[in-house]
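Student: Could we go through the labels given to this model, and ask of each what justifies it?

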Amino acid sequence: MENLKQILKKRILNFGPLSISDFILEANLNSRFGYYNNNLPFGKKGDYITSPEISQMFGELLALWAIDYWKKIGESKKFNIIELGPGSGILMLDFLRVIKLYPKFIEKCNQIFLFEISPFLKKIQKKNLSKVENKILKKIKWIKNLNDIPEIPFVLIANEFFDALPIKQIQLTEIGWRERMLNYNEDKKSFFISYSKNPTILENFLPKNKKYRKIGSIYEIPFNMISFLENLFNKIKKTKSTCLIIDYAKNKKFENSLKSIKNQKIINPLKKIGNSDISTHVNFDLIKKTSTKFNLNSHGPVNQRQFLIELGILYRAKTLIKNANSKQRKKIKKGLDFLINKEKMGKIFNVISISNKKVNNLIGF
Ligand SMILES: C[S@@+](CC[C@H](N)C(=O)[O-])C[C@H]1O[C@@H](n2cnc3c(N)ncnc32)[C@H](O)[C@@H]1O
């Protein structure tokens with residue numbers, strides 16, 4: 001039977017090496033064999049665990065953040081909620097449980113858009129969200145294109161979405177900067193990285209800092225994120241909206257952040273293609289820089305620890321613990337630790353908000 005490895009091998013042998021961006025796209029989203037189209041990556045038994053899968057507190061606190069923002073900008077009469085890459089749908093489930101307690105917010109919320117490209121995950125999201133009461137369920141709509149949302153204000157949330165988008169990589173070799181490509185060795189029957197024969201215009205994206213230009217240095221260009229953000233920021237500007245982005249932060253300018261996760265372990269991304277989750281680190285400085293082109297206001301980036309503590313995660317955990325049995329108590333404490341511990345997600349994850357309006361004392365930042 002044909003599988004993704006064979007498809008990619010054939011493509012490389014017939015048409016030459018594949019850019020890293022095409023490789024990521026195929027590995028994660030190939031319509032038949034892509035990772036997000038065949039696997040439920042999340043949860044305890046899954047390959048990796050995201051913040052909303054760790055604890056209900058995550059989605060609940062994001063809901064409080066959205067309500068607080070909406071209040072601070074004067075309670076828009078009609079607005080939408082959007083989530084990018086909703087995974088299993090659990091974040092939205094926790095989010096909706098909280099906003100249900102604010103009837104005015106629910107009433108003014110026109111629609112809830114879930115931006116999902118994987119038909120497989122969309123089915124899982126539909127199933128998990130079917131528990132939501134009908135009045136709210138009616139507002140939920142799945143979209144595959146940001147241009148499908150009407151031009152009214154929105155609050156958009158993206159947790160671990162941008163780290164799944166394809167990037168390009170260039171590397172400084174003895175003969176100059178070259179694009180890193182996926183190649184196939186027929187003798188060894190395995191994939192390997194090779195370099196474009198000619199110089200690449202991607203070199204124009206390099207920062208002007210010469211100090212880091214050592215042979216072997218790798219620079220990543222998240223061109224998909226940039227074009228996605230340009231479209232998003234244009235909409236935020238037009239409709240007086242906001243977004244909240246939470247993701248794995250890129251801390252080094254020059255690094256190879258391409259990684260693959262299988263069974264909660266980091267593995268070589270060239271192994272288990274289509275059967276493991278490929279992601280990269282997200283450049284928050286670039287998000288901020290892109291937003292300035294649209295004259296938008298940014299809050300952050302701050303780390304996830306600071307953000308969640310300011311939103312009251314310690315108090316929320318206390319309340320949950322009060323009403324829990326001993327097994328549940330253990331789980332709540334473990335979840336809290338995972339989300340805010342500096343050695344765990346507390347420091348590796350960053351949070352940024354970009355909005356049209358300048359909001360003073362925005363909670364979390
Ligand atoms: C790493 S998961 C994050 C899941 C979820 N936000 C969470 O926190 O549990 C990435 C999500 O983005 C979706 N996704 C990945 N690439 C996408 C793309 N190019 N367009 C739309 N959705 C995409 C995936 O299908 C998945 O739902």
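**Helix crossing, cores and backbone**

Tutor: In this predicted model, helix α9 passes helix α10 in a right-handed crossing.

Student: What makes α9 oblique to α10?

Tutor: The axes of α9 (residues 223–239) and α10 (residues 284–292) come within 10 Å and cross at roughly 40°. Angles under 35 degrees count as roughly parallel and 65 to 115 as roughly perpendicular, and the crossing at roughly 40° falls in neither range, so α9 is oblique to α10.

Student: Which residues meet there?

Tutor: Ile226, Leu229, Glu230 and Phe233 in α9 meet Ile287, Thr290 and Ser291 in α10, and the residues of this contact divide into 4 nonpolar, 2 polar and 1 charged.

Student: Which residues have the most contacts inside the largest nonpolar core?

Tutor: They are Leu62 and Ile313, in a core of 66 residues, to which helix α4 (residues 56–72) gives the most, with 9 residues. Not counting residues up to four places away in sequence, Ile313 touches Met57, Leu61, Leu308, Leu336, Leu339 and Ile340.

Student: Why is glutamine 264 called exposed?

Tutor: A residue is exposed if 12 or fewer other C-beta atoms lie within 10 Å of its own, and glutamine 264 has 11, so the label follows. Glutamine 264, in the loop between β11 (259–262) and β12 (265–267), also has a positive phi of about 65° although it is not a glycine.

Student: How do you know that asparagine 361 is exposed?

Tutor: Asparagine 361 has 7 other C-beta atoms within 10 Å, and the limit is 12 or fewer, so asparagine 361 is exposed as well.

Note on methods: Residues numbered from 1 in each chain as written. Predicted model: local features only at pLDDT ≥ 70, side-chain atom pairs only at ≥ 80, totals over all residues. Axes fitted to C-alpha atoms, helices over the stretch in contact; angles between N-to-C directions. Helix = DSSP H or I, 4+ residues; strand = E, 2+ residues; numbered from the N terminus. Parallel < 35°, antiparallel > 145°, perpendicular 65-115°, else oblique. Left-handed = near helix turned anticlockwise from the far one by under 90°. Contact = placed C-beta atoms within 7 Å. Nonpolar A, V, L, I, M, F, W, Y, C, P; charged D, E, K, R; others polar. Core = buried A, V, L, I, M, F, W, Y, C linked by C-beta atoms within 7 Å. Buried ≥ 20, exposed ≤ 12 C-beta atoms within 10 Å, placed from the backbone.
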